[in-house]
Each structure stands twice: as C-alpha cells, then as structure tokens.
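User: I have a model open and would like to learn how to read its features one by one. Could you walk me through it?

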Amino acid sequence: MSLKMCGVILLLSLVFSTTAYETVNSTQIKIENNSAQRDYQEQEEGKVLPFRTFLTTVEIIIICVSTVLLFILLVLLTIYLCVHGCVKPKCCRQNPKKEYTQVQLHRERKISAIWKTNYPKV
C-alpha cells in the first residue's frame with residue numbers, strides 16, 4: 001500500500017474513534033445529569049408486567065439462531081430448485097435395471113419407432 005493510503009486509513013480511524021468517544025461521553029453526561037432513562041425496578045417489584053418476557057437469554061438465543069438457520073436453509077433450497085428444478089440429485093437416483101423381458105423389449109422398439117417417424121402435424 002502506498003503512503004497516502006496508510007495516511008487516509010489512519011485519519012479515518014482517528015475520526016471514527018473520536019465520534020465513538022463523544023457518543024460514550026454524551027451517554028455518561030446524561031447519566032450524571034439524571035436525564036438518562038430512569039430505573040423502574042423498585043416500582044415494578046412483585047408486579048407482572050405485560051412487556052416483560054418469561055424466556056431466559058439462552059432460550060431467546062436458541063430461537064434466534066434456529067430461525068436464522070431455517071431462513072438460510074430455505075434460501076438454499078430455493079436456489080437449488082431454481083437452478084436444478086424439482087429433480088433428485090444424481091446420487092439419490094435409482095439405477096434402473098436394464099434387464100427387460102421380451103414383452104418390454106418389443107414395447108420399447110414400437111415406442112422408439114413411433115418417435116422416429118415424423119407424422120404430419122394437424
């Protein structure tokens with residue numbers, strides 16, 4: 001990288017760190033001046049509040065992760081169906097047995113003969 005590029009990266013990192021410090025500092029000032037959000041835990045003691053969740057943090061994380069994984073799987077399934085259509089992959093297909101009876105061979109010959117002849121379209 002050139003010297004100018006390093007200088008630009010250093011300047012941008014200084015600007016962003018200053019902005020982050022001002023945000024943290026303004027939050028601290030709001031807390032000191034009691035203009036930040038109040039703590040209502042003492043008033044809520046023993047009451048069932050409708051906006052409080054009964055789930056633990058672990059349960060919420062499990063729900064979020066499983067939802068994201070389900071979404072990713074649905075997107076991958078959609079992409080697969082758009083690219084390949086609704087067919088089985090080659091690994092899952094059954095190999096048909098090539099041993100035909102005489103009746104099946106005769107039927108196959110007749111069908112192929114029908115397909116090979118060009119009938120005039122109506």
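Analyst: Happy to; we will go from confidence to overall make-up, and then to one helix and its surface. This is a predicted model, so confidence is a good place to begin. Where pLDDT is low, the coordinates should not be read in detail.

User: What is the average pLDDT of the protein here, and which element has the highest mean?

Analyst: The protein averages a pLDDT of 75, and 61% of the residues score at least 70. Among its elements, H3 has the highest mean pLDDT, 92, while helix H1 (residues 3-32) has the lowest, 64.

User: Thanks. How many helices and strands does the protein have?

Analyst: There are four helices and zero strands, giving the pattern α-α-α-α along the sequence. Buried residues make up 2% of the 122 residues. The accessible surface comes to about 12600 Å², with 66% of that belonging to carbon and sulfur atoms.

User: Let's turn to H3. What span should its 28 residues have?

Analyst: A helix can be checked by its rise. At 1.5 Å a residue, helix H3 (residues 57-84) should span 40 Å, and its end C-alpha atoms are 40 Å apart, which agrees. After H3 comes glycine 85, whose phi is positive, near 80°.

User: Which residues form the nonpolar patch on the surface?

Analyst: The general idea first: an α-helix has 3.6 residues a turn, so residues three or four places apart point the same way. In this structure, the patch is formed by Ile61, Val65, Val68, Leu69, Phe71, Ile72, Leu73, Val75, Leu76, Ile79 and Val83. Together they have about 1000 Å² of accessible area.

User: Could we take one member, valine 68? Why does it count as partly exposed?

Analyst: Valine 68 is found in helix H3. Its relative accessible area is 47%, and partly exposed covers the range between the 20% and 50% cut-offs, so the label fits.

User: And what does isoleucine 60 touch?

Analyst: Isoleucine 60 is also found in helix H3. Leaving aside residues up to four places away in sequence, isoleucine 60 touches Thr53 and Leu55. With a relative accessible area of 34%, isoleucine 60 is partly exposed.

Technical notes. Residues numbered from 1 in each chain as written. Predicted model: local features only at pLDDT ≥ 70, side-chain atom pairs only at ≥ 80, totals over all residues. Heavy atoms only, no water. Helix = DSSP H or I, 4+ residues; strand = E, 2+ residues; numbered from the N terminus. Expected span 1.5 Å × (residues − 1). Patch = residues over 30% accessible without salt bridge, like charges linked within 9 Å, V, L, I, M, F, W, Y side chains within 5 Å. Areas by Shrake-Rupley, 256 points an atom, 1.4 Å probe, with all protein chains shown as cover. Salt bridge = Lys/Arg side-chain N within 4 Å of Asp/Glu carboxyl O. Buried < 20%, exposed > 50% of the residue type's maximum accessible area, 1.4 Å probe, protein only. pLDDT = per-residue confidence, 0-100. Contact = heavy atoms within 4.5 Å.
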